[in-house]
Amino acid sequence: MERLRAWWQNLSGIMVGLNRRERIFVNSAICFIVIFSLIQFVIIPLSGQQGRLEQSLANEKAKLQIMSALQKEVMVFSDKMHNAMTGLDRRDDGFTLFSFLDRLAGESGVKDTISYMKPSTEESEAGDYRLSLVEMKLEAVSLENLVSYIYKIETSRTMVFVKRLSISRQEKDIGGVDAIMQVVTVTG
């Protein structure tokens with residue numbers, strides 16, 4: 001601060017000895033230097049900082065949108081998991097896929113057309129659950145009864161699904177179609 005005061009007194013002493021034109025020139029030069037310094041060392045860095053802040057804000061908004069989308073996905077998966085667990089809880093004690101399919105076949109009128117039912121199980125890759133599968137063949141089944149049977153399987157609230165379905169026209173002139181399907185469910 002002392003240096004600034006000494007500089008100012010020194011400048012004042014010099015200015016006294018100058019004529020009017022020289023004082024205008026020196027004052028103009030000082031104003032130019034002050035304005036240049038303000039622009040160079042204050043305004044430009046602040047505007048650059050504002051640009052960086054705007055870019056940072058845009059990046060954070062993009063991250064927030066991604067997080068919001070991921071949160072929605074997690075909610076959807078959470079709802080699906082809850083529905084799956086509810087479906088598993090709705091099953092009767094001693095539920096077996098084979099008996100369930102047999103009962104639905106009777107209700108749908110396809111029980112007499114069942115050629116075979118082969119039950120099997122598969123372990124998940126992680127080993128934390130098992131899949132119970134039944135492959136079955138229906139011969140000379142009417143399309144109406146087959147659709148009814150598949151509908152009852154798929155709309156049951158016991159988490160049973162048709163994994164594969166192959167339908168072919170009946171080779172004999174009896175009418176109806178032949179169908180091979182694989183039905184799957186999750187077991188403990």
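Start by selecting K118 and Y116: the charged end of K118 sits over the ring of Y116, 4.6 Å from the ring centre. Keep in mind throughout that this is a predicted model.

**Helix α3**

Next, select residues 97–108, which make up helix α3. The helix has twelve residues, and its first and last C-alpha atoms are 16 Å apart, close to the 16 Å expected at 1.5 Å a residue. Colour L97, F100, L101, L104, A105 and S108, the buried residues of α3. Now look down the axis of α3: these buried residues fall within an arc of 135 degrees, so they line one face of the helix.

What do the buried residues of α3 pack against? Show β1 (114–123), β2 (130–141), α4 (143–155), β3 (160–169) and β4 (177–187), and you have the elements that they pack against. Then step past the end of the helix to G109, which follows α3 and has a positive phi, near 80 degrees.

**S108 and Y149**

Go back to S108, which lies in helix α3. Its relative accessible area is 6%, so S108 counts as buried. Leaving aside residues up to four places away in sequence, S108 touches N145, S148, Y149 and K152.

From that list, pick Y149 and display its surroundings. With residues up to four places away in sequence again left out, Y149 touches L101, L104, A105, S108, V110, M136, L138 and M181. Among these contacts, L101, L104, A105 and S108 are also on the list of buried residues of α3.

**The nonpolar core**

Y149 leads into the next selection. The largest nonpolar core has 21 residues, and Y149 is one of those with the most contacts inside it. Select the others named with Y149 in this respect: L101, L138, L146, I153, M181 and V183. Which elements each supply at least two residues of this core? They are α3, β2, α4, β3 and β4. Of the contributions to this core, that of α3 is the most, with five residues. As a general point, nonpolar side chains in soluble globular proteins tend to be buried together.

**Aromatic pairs**

Now show the aromatic rings. A pair of aromatic rings is described by the distance of the centres and the angle of the planes. How many aromatic pairs are there? The count comes to two.

F32 and F36 form a stacked pair, with 6.2 Å from centre to centre and 20 degrees between the planes. Both residues are in helix α2 (residues 20–89), and because they are four residues apart there, about one helical turn separates F32 from F36. Switch on the surface to compare how far each is covered. F32 has 58% relative accessibility and counts as exposed, while F36, at 45% relative accessibility, counts as partly exposed.

Move to F95 and F100, which form a tilted pair: the centres are 5.5 Å apart and the planes are 50 degrees from each other. F95 is partly exposed, with a relative accessible area of 22%; the cut-off for buried is under 20%. F100, which you coloured earlier as a buried residue of α3, has 6% relative accessibility.

**Positive phi away from glycine**

Two residues are worth selecting for their backbone angles. A140 is not a glycine, yet its phi is positive, at about 50 degrees. A140 lies in strand β2 and is partly exposed, at 28% relative accessibility.

M159 is not a glycine either, and has a positive phi of about 60 degrees. Look for M159 in the loop between α4 and β3. At 23% relative accessibility, M159 counts as partly exposed.

**Distances from helix α2**

Finish on α2. Select H82, which lies in this helix and is exposed, at 53% relative accessibility. Draw a distance from the C-alpha atom of H82 to that of E60: the two residues are 22 apart along the chain, and the separation is 32 Å.

Then select F25, also placed in helix α2. Is F25 buried or exposed? At 62% relative accessibility, F25 counts as exposed. Draw the last distance from F25 to E73, 48 residues apart along the chain: their C-alpha atoms are separated by 70 Å.

Note on methods:
Residues numbered from 1 in each chain as written. Heavy atoms only, no water. Expected span 1.5 Å × (residues − 1). Buried < 20%, exposed > 50% of the residue type's maximum accessible area, 1.4 Å probe, protein only. Arc of directions from axis to C-beta. Contact = heavy atoms within 4.5 Å. Phe/Tyr/Trp six-rings, centres within 6.5 Å; stacked < 30°, edge-to-face > 60°. Lys NZ or Arg CZ within 6 Å of the ring centre and 35° of its normal. Core = buried A, V, L, I, M, F, W, Y, C linked by side-chain atoms within 4.5 Å.
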